[in-house]
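Reader: I am new to this and would like to learn how such descriptions are justified. Could you walk me through one?

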Amino acid sequence: MKKVLFVCLGNICRSPLAEALFKRHIEENNLSHDFECDSCGTAAYHIGAPPDERSVANALLNGVDYTHSGKKLAKEDFETFDFIIAMDEENLKNIQKINPNGHSKIYKIRRFDLQGLNKDVPDPYYGEEQGFQEVFDILNRATLHLLKEIYASKKKLLR
Ligand code: 4NP
């Protein structure tokens, strides 16, 4: 069993969608028994809040229905999760600052996106409608590639 935590700033736009898309890839590949995932934010603005309605509406247009309750990253998460996956450089740095016990598998999600290697996932919160589709497409690709990397090249990432 491998546990994966997706992290953004507010935990209402990017990371809950990353969680939902990773889950969909897991289910479609009959790997539900091998993986667990969750999401949280580095900020506390939206604790207990549902995902941003624009993200949810856009995901529904793409056939993905999901929900989540906003959480803030906690010290215990570094013990619970095998992989901590940040949406952008700022979140990665903030996660690294907390990292209490030298967790070594903290990555930016676009490390796993061959179309935009190591870029940030743009924050759609203050942007236009089309930003939500762009984020959906990035996260759909990157979460599938992440799953493949964790599953297929175990030696590389699971050591
Ligand atoms: P997220 O987007 O980090 O993808 O959930 C944001 C959500 C809320 C805020 C910023 C980014 N905010 O400033 O409230």
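Author: Gladly! An oxygen atom of the ligand is 2.7 Å from an N or O atom in the side chain of R14. This is a predicted model, where local features need pLDDT of at least 70, side-chain atom pairs count only at pLDDT 80 or more, and totals for chains, interfaces and linings use all residues. Residues are numbered from 1 along each chain as its sequence is written, and side-chain values use heavy atoms, with hydrogens and water left out.

Reader: What makes the R14 pair a polar contact?

Author: A polar contact is a pair of N or O atoms within 3.5 Å. The R14 pair is 2.7 Å apart, so it counts as a polar contact.

Reader: Which backbone N or O atom lies 2.9 Å from an oxygen atom of the ligand?

Author: That atom belongs to C13. For N11, a backbone N or O atom lies 3.2 Å from a ligand oxygen.

Reader: How much of the ligand's accessible area does the protein cover?

Author: The protein covers 93% of the 350 Å² that the ligand has on its own, using the Shrake-Rupley method with a 1.4 Å probe.

Reader: Why are Y45 and H46 listed around the ligand?

Author: Both are among the residues around the ligand, because a residue is near a molecule if one of its heavy atoms lies within 4 Å of it.

Reader: Which classes make up that shell?

Author: The shell has seven nonpolar, three polar and two charged residues. Tyr and Cys count as nonpolar, Asp and Arg as charged, and Gly as polar.

Key:
A polar contact is a pair of N or O atoms within 3.5 Å; within protein, one must be able to donate a hydrogen and the other to accept it, and residues adjacent in sequence count only if both atoms are side-chain atoms.
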